[in-house]
Amino acid sequence: MRIRRITAISTAAALAALCAAPFCTAESAGDCHEALSDAFRKAAETVAPCVVQIKVERTADIDTPPPGRTTQPVRPPAVRALPREIIEKFQENRMYHARPAGGTSGVIVTEEGHILTSWYNVSGTVKSITVALHDGSEHKAAILGRDEDKDLCMIKIEAQGLPAARVGFEAVAKPGRFLVVVGRGRDSKSYTMTTGIVSAQQRYRGQAFQLSARVNYENAGGAVVGLDGRLLGIVSHISHVEQLNRAGLNTGVGLAAPSPGIAEILDRLRAGESIPRFRGPFLGIRFEQGWKEKGVKIEYVYKDLPSRKAGLMPGDIIIYFNNVLIEGQNDLLFAIWQCDPDQKVGFTVQRTVDGKEQTVDLWAVLALRPPEEELKKLDVEYNEWKKSQAGGGTEEKEPKD
């Protein structure tokens, strides 16, 4: 059956107004702004019929917030005397690392009801998934395949003759290109749009590109299109779990899985395949969680791993990694993640020897991140070491890399 695609719109008139001169004069500025606004709006209108609302009912969510975070609104003593609206805003910010209630977004990619969305949107222990189309009609959906590195999942509804966005038509979006993000998380009958530009390529090892448009939990899984209405990518890598969301949320920077890369795995997702994750590099240390100064203080160094072989010791403070200044744990995690297994890396640590502070340069060859069963053995190793220390006993698991 021939798939009916949403075709690209013509924005020639709007773009001609923008490109007719190298700059806008004071007199023509209003016309330039109106032409750009018109182009953004038409691009959103083109893809909007393909964008759906996704509602998920769960018995359990993925993971838990990182140590030190809370999912419950808290009213700290220091702010109890503040006006109510400020307290409410503070509580809202404390909910940053909790998955909010409500819908998210997805994009129809075939006439027969195949829908791409963020894997995060449908992860956890799921009881049911309901998809609402732009006309308000609702359909039950089933999960097919997923690619967690791209943060993508294919779900399927039973339907025919649906409007579908064309995947893979566009080349990799170049920095500076205007774009529109279209979502439908809150209301299935109306869409949301935010605008910006492509701000960087090759994020997450080429699994995503960076955009300056505002992204959030509601438009996660939504469509990213150019001014011609063609699909550039799917909004991805939004999560309430800090380790899965290194780029942040609502910071003015978002991420999207690029359309050409999606096209390469589309058939595998439709077939129900779960594409294995890239296991990534591994150093083999455990952070000291109470550390408040700059750098990362090491609590424990695992045996037979690159960290121990390099000469790292408990109490060392990592201040540079591959010439990158390390302010805190996230800096170090991100810097390691940018490397390859078996890559030689250098770092600078501060350590105290005989009461004197020293700065030491060390080198290591990163390992391949162990599978889950091996990571559990590392937890056992750490807990045994903890018991052997003065005042020992096990503690809550802490980040390791």
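**Entry 1: helix H7**

I looked up which residues of H7 are buried, and I found Leu 375, Leu 378, Asp 379, Glu 381, Tyr 382 and Lys 386. I note that this is a predicted model. The buried residues cover an arc of only 160° around the axis, which puts them on the same side of H7. I then checked the other side of H7. There I found Glu 373, Lys 377, Glu 384, Lys 387 and Ser 388, which are exposed.

What covers the buried residues of H7? I found that the cover includes strand S14 (281–282), strand S15 (285–287) and strand S16 (296–301).

I also checked the length. H7 runs over residues 372–388 and has 17 residues. Its first and last C-alpha are 25 Å apart, close to the 24 Å expected at 1.5 Å a residue.

**Entry 2: strand S2**

Next I went to S2, residues 104–108. I asked how many of its residues are buried, and the count is 5 of 5. I looked at each face in turn. Thr 104, Gly 106 and Ile 108 lie on one side, and Ser 105 and Val 107 lie on the other. Both faces are covered. I keep a rule beside this: in a regular strand the side chains alternate between the two faces of the sheet.

**Entry 3: the partners of S2 and S1**

I traced the pairing of S2 with strand S1 (residues 51–60). The two are antiparallel, with 4 bridges. Val 52 has Gly 106 in S2 as its bridge partner. Gln 53 stands opposite Ser 105.

Then I followed S2 to strand S3 (residues 114–117). These strands also run antiparallel, and 2 bridges join them. Ile 108 has Ile 115 in S3 as its bridge partner. The hairpin of S2 and S3 has 5 residues between the strands. Which residue there takes a positive phi? I found Gly 113, with a value near 100°.

I went back to S1 and found strand S4 (residues 125–132) paired with S1. The pairing is antiparallel over 7 bridges. Val 56 stands opposite Ile 129 in S4.

**Entry 4: the barrel**

I followed a ring of strands in the order S7-S8-S9-S12-S11-S10. The ring is a closed barrel of 6 strands with antiparallel pairing. From one strand to the next, the twist averages 45°.

I picked one pair to look at. Strand S8 (residues 192–203) and strand S9 (residues 208–211) are antiparallel, with 3 bridges. Ala 200 has Gln 210 in S9 as its bridge partner.

I then saw helix H4 (residues 259–270) packing on the sheet. H4 touches strand S11 (231–236) and strand S12 (254–258). The direction of H4 makes about 45° with that of S12.

**Entry 5: the cores**

I looked up the largest nonpolar core, which has 28 residues. Which residues touch the most other members? They are Leu 116 and Ile 262. I listed the elements that give two or more residues to this core: helix H2 (29–47), strand S6 (152–157), strand S7 (178–183), strand S10 (223–225), S11 and H4. H2 gives the most, with 6 residues.

I checked the contacts of Ile 262, leaving out residues up to four places away in sequence. Ile 262 touches Leu 116, Lys 150, Leu 152, Val 167, Ile 234 and Ala 257.

Last, I found a second, separate core of 23 residues. Among its members are Phe 321, Ile 326, Ile 336 and Leu 362.

Definitions and conventions: Residues numbered from 1 in each chain as written. Predicted model: local features only at pLDDT ≥ 70, side-chain atom pairs only at ≥ 80, totals over all residues. Heavy atoms only, no water. Buried < 20%, exposed > 50% of the residue type's maximum accessible area, 1.4 Å probe, protein only. Pairing = 2+ DSSP bridges. Expected span 1.5 Å × (residues − 1). Arc of directions from axis to C-beta. Contact = heavy atoms within 4.5 Å. Axes fitted to C-alpha atoms, helices over the stretch in contact; angles between N-to-C directions. Core = buried A, V, L, I, M, F, W, Y, C linked by side-chain atoms within 4.5 Å.
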